[in-house]
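Please open the model in a viewer and keep the selection tool at hand. The tour below proceeds from stop to stop, stating at each what to select and what is found there.

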Amino acid sequence: MTSRRLPLKLTVLAVVGCSLVAGPVAGSASAAVCAGSDANPVETPRKEIARSTVCLLNQERSGRGLRDLRLNPRLSKAARTHSLDMVAKRYFDHVSKGGRDVVDRLRRTGYLAKVRSWTVGENLAWGSGDRGTPKQIVKAWMKSAGHRHNVLSSRFREIGIGTMIGTPANRAPQGATYTTTFGARG
């Protein structure tokens with residue numbers, strides 16, 4: 001399959017086509033259901049931040065009749081590696097300073113090995129203080145058309161998440177950097 005980048009903000013990447021389900025969220029669950037959604041990522045274990053973020057994303061999907069995304073360790077490895085790299089090398093982009101994009105990262109983890117077709121996407125975010133909580137990061141993604149497009153794509157079945165203490169703008173631990181990698185394989 002060929003891949004293409006959608007003409008979106010630099011913090012959103014989708015490779016191959018995605019479909020968007022739009023409309024009001026009737027009866028969506030509150031963020032209180034997701035433990036740790038207001039947790040300060042600097043003071044909370046990364047796994048808890050990741051679980052809370054995925055829970056919030058799945059609430060957005062289920063409120064629109066979409067199936068939940070399943071955590072995939074290979075997608076998560078690619079996402080963690082990218083968040084770490086962005087913080088360590090102080091950049092914020094889907095393409096690393098070494099020239100690797102999400103497809104390159106997923107090939108390195110084996111996620112794309114031995115499959116005939118695939119669709120992947122990636123959302124990035126960073127925030128400090130109260131703006132770095134899972135709840136605020138997901139809220140910001142849902143207000144952005146490109147990010148929301150990836151979150152609500154019915155083609156995606158799996159997700160990986162990588163959170164890292166620190167931000168691309170400043171490595172001091174007052175914020176967090178998030179990478180979510182979405183995928184589906186055929």
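A salt bridge is here a side-chain nitrogen of Lys or Arg within 4 Å of a carboxyl oxygen of Asp or Glu. By that criterion the structure holds six salt bridges, several of which are stops on this tour. The model is a predicted one, in which local features need pLDDT of at least 70 and side-chain atom pairs count only at pLDDT 80 or more, while totals for chains, interfaces and linings use all residues. Residues are numbered from 1 along each chain as its sequence is written, and side-chain values use heavy atoms, with hydrogens and water left out.

**Whole chain**

Begin with the cartoon view of the entire chain. Five helices and five strands are present; these are DSSP runs numbered from the N terminus, helices being H or I with at least four residues and strands being E with at least two. Along the sequence their order is β-α-β-α-α-β-α-α-β-β. Next, colour by burial, where buried means under 20% relative accessible area, exposed over 50%, and partly exposed in between (1.4 Å probe, protein chains only). Of the 186 residues in the chain, 51% are buried. The accessible surface comes to about 9,000 Å², and carbon and sulfur atoms account for 50% of that surface; the areas come from the Shrake-Rupley method with a 1.4 Å probe, and for residues only the protein chains shown count as cover. Contact means heavy atoms within 4.5 Å. Among contacts with a separation of 6 or more, 72% are between residues 24 or more positions apart.

**Helix α1**

Select residues 46–62. This is helix α1, with 17 residues, and from first C-alpha to last it reaches 24 Å, close to the 24 Å expected at 1.5 Å a residue. The expected span is 1.5 Å times one less than the number of residues. Now show the side chains of its buried residues, which are I49, A50, S52, T53, V54, L56, L57, N58, Q59 and R61. What covers the buried residues of α1? Display β2 (70–71), α4 (134–143), α5 (145–151), β4 (158–165) and β5 (175–185), which are included in that cover.

**Helix α2 and D85**

Select D85 and K89. Both lie in helix α2 (residues 73–89), four residues apart, about one turn of the helix. Their side chains form a salt bridge, with the closest N and O atoms 3.0 Å apart. Is D85 buried or exposed? D85 counts as buried because its relative accessibility is 17%, whereas K89, at 46%, counts as partly exposed.

Keep D85 selected and expand to its contacts. Beyond its neighbours within four places in sequence, D85 is in contact with R90, Y91 and S96. The side chains of D85 and Y91 make a polar contact at 2.5 Å, a polar contact being a pair of N or O atoms within 3.5 Å; within protein, one must be able to donate a hydrogen and the other to accept it, and residues adjacent in sequence count only if both atoms are side-chain atoms. A C-alpha to C-alpha distance drawn from D85 to K97 reads 8.9 Å, with their positions 12 residues apart in sequence.

**Salt bridges between elements**

Select R105 and E122. Their closest N and O atoms are 2.8 Å apart in a salt bridge. R105 lies in helix α3 (residues 102–109) and E122 in strand β3 (residues 118–128), so the pair ties together parts 17 residues apart in sequence. R105 and E122 are both buried.

Move to R185 and E158, whose side chains meet in a salt bridge of 3.7 Å, N to O. R185 lies in strand β5 and E158 in strand β4, so this pair ties together parts 27 residues apart in sequence. R185 is partly exposed, at 37% relative accessible area, while E158 counts as buried at 10%. Add R70 to the selection: salt bridges with shared partners join R70, E158 and R185 into one network.

**Aromatic pairs**

The final stop concerns two aromatic pairs. Rings of Phe, Tyr and Trp (its six-membered ring) pair if their centres lie within 6.5 Å; planes under 30 degrees apart count as stacked, over 60 as edge-to-face and the rest as tilted. Select W141 and Y178: the ring centres are 6.4 Å apart and the planes at 85 degrees, so the pair is edge-to-face. This pair links distant parts of the chain, with W141 in helix α4 and Y178 in strand β5, 37 residues apart. Both W141 and Y178 are buried.

Finally, select F156 and F182, a stacked pair with 5.4 Å centre to centre and 25 degrees between the planes. F156 lies in the loop between α5 and β4 and F182 in strand β5, so the pair ties together parts 26 residues apart in sequence. F156 and F182 are both buried.
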